[in-house]
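This report introduces a molecular structure to a reader who has not met it before. Please look over the sequence and the model before reading on.

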Amino acid sequence: MLEQNLGMINERLARAAAKRGISLREITLVAVCKTVPAEQIRHACNLGIRHFGENRVQEALPKIAALPQGLCWHFIGHLQTNKVKQVLGQFSLIQSLDRLKLAYALQQEGEKLKRIVDVLLQVNIGAEESKYGFQVEEVEDALIAVADCPNIRVQGLMAIAPYLPDPEELRPYFRRLYRIFKTIDIPGVEMKFLSMGMTNDFEVAVEEGSNMVRVGTALFGERA
Ligand SMILES: *Cc1c(COP(=O)(O)O)cnc(C)c1O
């Protein structure tokens, strides 16, 4: 089941990548394993998946401890500042830097522990009230502020698209973020990863410039 799902996702990703003239290898697949038991994650691991995404600290930490070392864990949820201590050193990338207060908390803790924290800036591309993240208009100023935090290393941008039944309609949102991704030029800020695309929209996202997709349902099946 998992193996077939992965095969199918890779095929679809490869096709979307080809449309953009890039190869599958240039796209990072983050397997979103929230609610998925550790045993199944281990199975995914045996199939060669190395990047895993979790959105809750409490759920993620025991799984990280139970699985082999050397995997890349991505934090993709809204992170409360009182949990910052627990995530440092556990996740390779915090994809959900969604407010400056969190940046300052990460900076403070990173400095204390002498750690560099890799992050993506989360952008609310649909300007939705229900979603976290910086508004498109705020991105540049936010990046300038975060660039001033010596223990934080910005590696790119992340977005959760609005839910639309037809993913084709998301193209303008993805395209807009890709344009920002390509044009940002701020010292100390790297634009390496553009994390957009989930089960419902990852092909469109890749066609529009994503190089990191976060896929849960299409890989592990419907969540309980
Ligand atoms: C759950 C989640 C995903 C994966 O969603 P699917 O639709 O199951 O692929 C991706 N990104 C974030 C931030 C999530 O919370």
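The text below turns to the ligand and its surroundings, and then to the cysteines.

The structure is a predicted model. Its ligand sits in the largest pocket. Around the ligand are the residues V32, K34, I76, I160, M198, T199, R214, V215, G216, T217 and R223. By character, this shell divides into five nonpolar, three polar and three charged residues.

Among the residues of the shell, G216, T217 and R223 each place a polar atom at a short listed distance from an oxygen atom of the ligand, as set out in the table.

| Residue | Atom of the residue | Distance to a ligand oxygen atom |
|---|---|---|
| G216 | backbone N or O atom | 2.8 Å |
| T217 | polar side-chain atom | 2.5 Å |
| R223 | side-chain N or O atom | 2.9 Å |

On its own, the ligand has 390 Å² of accessible area, and the protein covers 91% of this area.

The cysteines form a second topic. How many disulfides does a search of the whole structure find? The search finds zero. For C72, the nearest cysteine sulfur is that of C45, at 11 Å, and C72 is in no disulfide. This follows because a disulfide requires a pair of cysteine sulfur atoms within 2.5 Å.

Is C72 buried or partly exposed? C72 is partly exposed, because its relative accessible area is 23% and the buried class lies under 20%. C149, in contrast, is buried, with a relative accessible area of 4%.

Definitions and conventions: Residues numbered from 1 in each chain as written. Predicted model: local features only at pLDDT ≥ 70, side-chain atom pairs only at ≥ 80, totals over all residues. Heavy atoms only, no water. Buried < 20%, exposed > 50% of the residue type's maximum accessible area, 1.4 Å probe, protein only. Near = heavy atom within 4 Å. Polar contact = N/O pair within 3.5 Å; in protein donor to acceptor, adjacent residues only side chain to side chain. Areas by Shrake-Rupley, 256 points an atom, 1.4 Å probe, with all protein chains shown as cover. 1 Å grid on protein atoms, 1.4 Å probe; cavity = no way out; pocket = protein on both sides within 12 Å on 5 of 7 lines; lining within 4 Å. Sits in = over half its atoms within 2 Å of the grid points. Nonpolar A, V, L, I, M, F, W, Y, C, P; charged D, E, K, R; others polar.
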